[in-house]
Amino acid sequence: MELNIKKLKDQALKEIDGIKNSEEWENIKNKYFSRKSGELAKLLKDIKDVADDLRPKVGTMVNEAKEEIENALEDKMSKIKKGSGDKLERDFIDVTLNIEKYKLGHLHPVTQITNELEDIFKSMGFMILDGPELESDYYNFESLNIPTWHPARDTQDTFYIEAKDKLLMRTHTSPVQVRAMQKYGAPLRCVVPGRVFRNEATDASHDHTFYQLEGLMIDKDISITNLIAVMKELLSGIFKREVKVRLRPGYFPFVEPGFELDIQCLICGGKGCPVCKQSGWLELLPCGLVHPNVLKAGGIDPKKYSGFAFGLGLTRLVMMKYKIDDIRLLQGGDLRFLNQF
Ligand code: DAH
């Protein structure tokens with residue numbers, strides 16, 4: 001028996017030494033360690049025939065041989081892994097390995113605020129719409145009651161594209177008002193977040209590309225009261241507290257009457273501070289009741305329906321919310337800035 005153990009061990013070690021790849025390794029391992037038919041299992045079965053007084057010694061010998069063979073197999077495997085091109089080696093994954101975590105990105109602050117606003121408006125039954133950034137002169141100006149001769153065009157210079165029909169990068173999200181009316185008719189509730197463009201000399205508060213959120217509600221008997229109610233809902237949703245608002249007259253060709261909506265300064269609570277230039281109020285968004293000519297352009301009868309519209313400066317809102325003092329940071333792609341949100 002003792003001789004058998006030694007013979008088996010020597011044979012195993014020799015075979016292990018000759019292993020060249022993981023397939024052979026697997027075969028040899030099975031040959032010796034298979035539970036039912038493995039050589040070691042057979043040897044262990046024979047122990048019962050050994051005389052009682054010798055059994056402990058033989059048992060120890062078998063265990064030692066087993067351990068030696070196991071160690072040799074393990075050594076061989078690490079050599080195979082270190083060696084070249086082996087499939088097992090290539091597919092080997094050490095699940096305990098502590099690897100560097102993936103660095104996940106996150107949403108841009110403008111996108112975060114857009115998503116929040118969309119949720120607020122969806123809860124009030126507004127659709128979220130989209131429109132083309134490359135727009136026709138008609139939708140961007142004409143349909144909004146801004147004919148070619150109108151001085152309001154001077155305040156919204158943009159990038160023109162040479163084409164048969166005059167095309168331009170839209171200066172505001174307002175053209176989607178008319179597109180939405182034409183597509184859906186009245187009654188209508190929608191908001192349109194999107195990118196707009198201006199031919200601006202850039203500085204801390206002007207950029208050639210920025211974001212707006214247009215709002216439009218059309219129904220029977222819509223008045224300024226509805227406008228104020230929706231604005232207050234929007235502002236308390238964004239600033240997470242009751243916000244005081246006031247309306248001042250403002251001129252925009254596509255609304256009549258038109259307003260500038262101010263909010264009470266969130267920094268000083270209306271007492272006056274450098275942020276609100278001591279006035280206690282911050283200018284937030286222009287709005288008004290949709291001009292009858294615009295309703296007509298959208299195919300809606302101004303005698304039956306009325307509506308309000310507003311143009312929220314999304315980029316400005318983000319700047320106010322996070323106290324960002326240079327608009328260029330938002331489109332600059334500087335990770336030192338973006339990672340703060
Ligand atoms: N489109 C205007 C702009 O970019 C903003 C605006 C003013 C939008 C009044 C409106 C509105 O819907 O009613 O300057």
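Two strands pair if DSSP finds at least two bridges between them, and strands (E, at least two residues) and helices (H or I, at least four) are DSSP runs numbered from the N terminus. The model here is predicted, so local features need pLDDT of at least 70 and side-chain atom pairs pLDDT 80 or more, while totals for chains, interfaces and linings use all residues. Residues count from 1 along each chain as its sequence is written, and side-chain values use heavy atoms, with hydrogens and water left out.

**Exercise 1. Work out how E7 and E8 are connected and paired.**

Step 1: E7 and E8 make a hairpin, with five residues between them.
Step 2: Their pairing is antiparallel, over five bridges.
Step 3: For a cross-strand pair, look at Arg248, which sits opposite Glu260 in E8.

**Exercise 2. Trace the sheet of seven strands and find its edges.**

Step 1: Read off the order E1-E5-E6-E10-E9-E8-E7; this is an open sheet with mixed pairing.
Step 2: Strand E1 (127–128) and strand E7 (245–249) are at the edges with a single partner strand each, so one side of each has no neighbour in the sheet.
Step 3: Inside the order, take E5 (residues 188–197) and E6, which pair antiparallel over ten bridges. Arg195 has Tyr211 in E6 as its bridge partner.
Step 4: Now add helix H11 (residues 314–322), which lies across E5, E6, E8 (255–264), E9 and E10 (contact means heavy atoms within 4.5 Å). H11 runs at about 55° to E10; axes are lines fitted to C-alpha atoms, for helices over the stretch in contact, and angles run from 0 to 180 degrees between N-to-C directions.

**Exercise 3. Describe the ligand's surroundings.**

Step 1: Pick the shell: a residue is near if one of its heavy atoms lies within 4 Å. There are 16 residues around the ligand, and His172, Ser174, Arg198, Gln212 and Glu214 come nearest.
Step 2: Ask which strands contribute. E6 (209–219), E9 (281–290) and E10 (306–313) each supply at least two shell residues.
Step 3: List polar contacts to ligand oxygen atoms (pairs of N or O atoms within 3.5 Å):
- Glu214, through a side-chain N or O atom, at 2.6 Å
- Arg198, through a polar side-chain atom, at 3.1 Å
- Phe310, through a polar backbone atom, at 3.3 Å

Step 4: Check burial. Alone, the ligand exposes 360 Å², and the protein buries 93% of that (Shrake-Rupley, 1.4 Å probe).

Conventions: A polar contact is a pair of N or O atoms within 3.5 Å; within protein, one must be able to donate a hydrogen and the other to accept it, and residues adjacent in sequence count only if both atoms are side-chain atoms.
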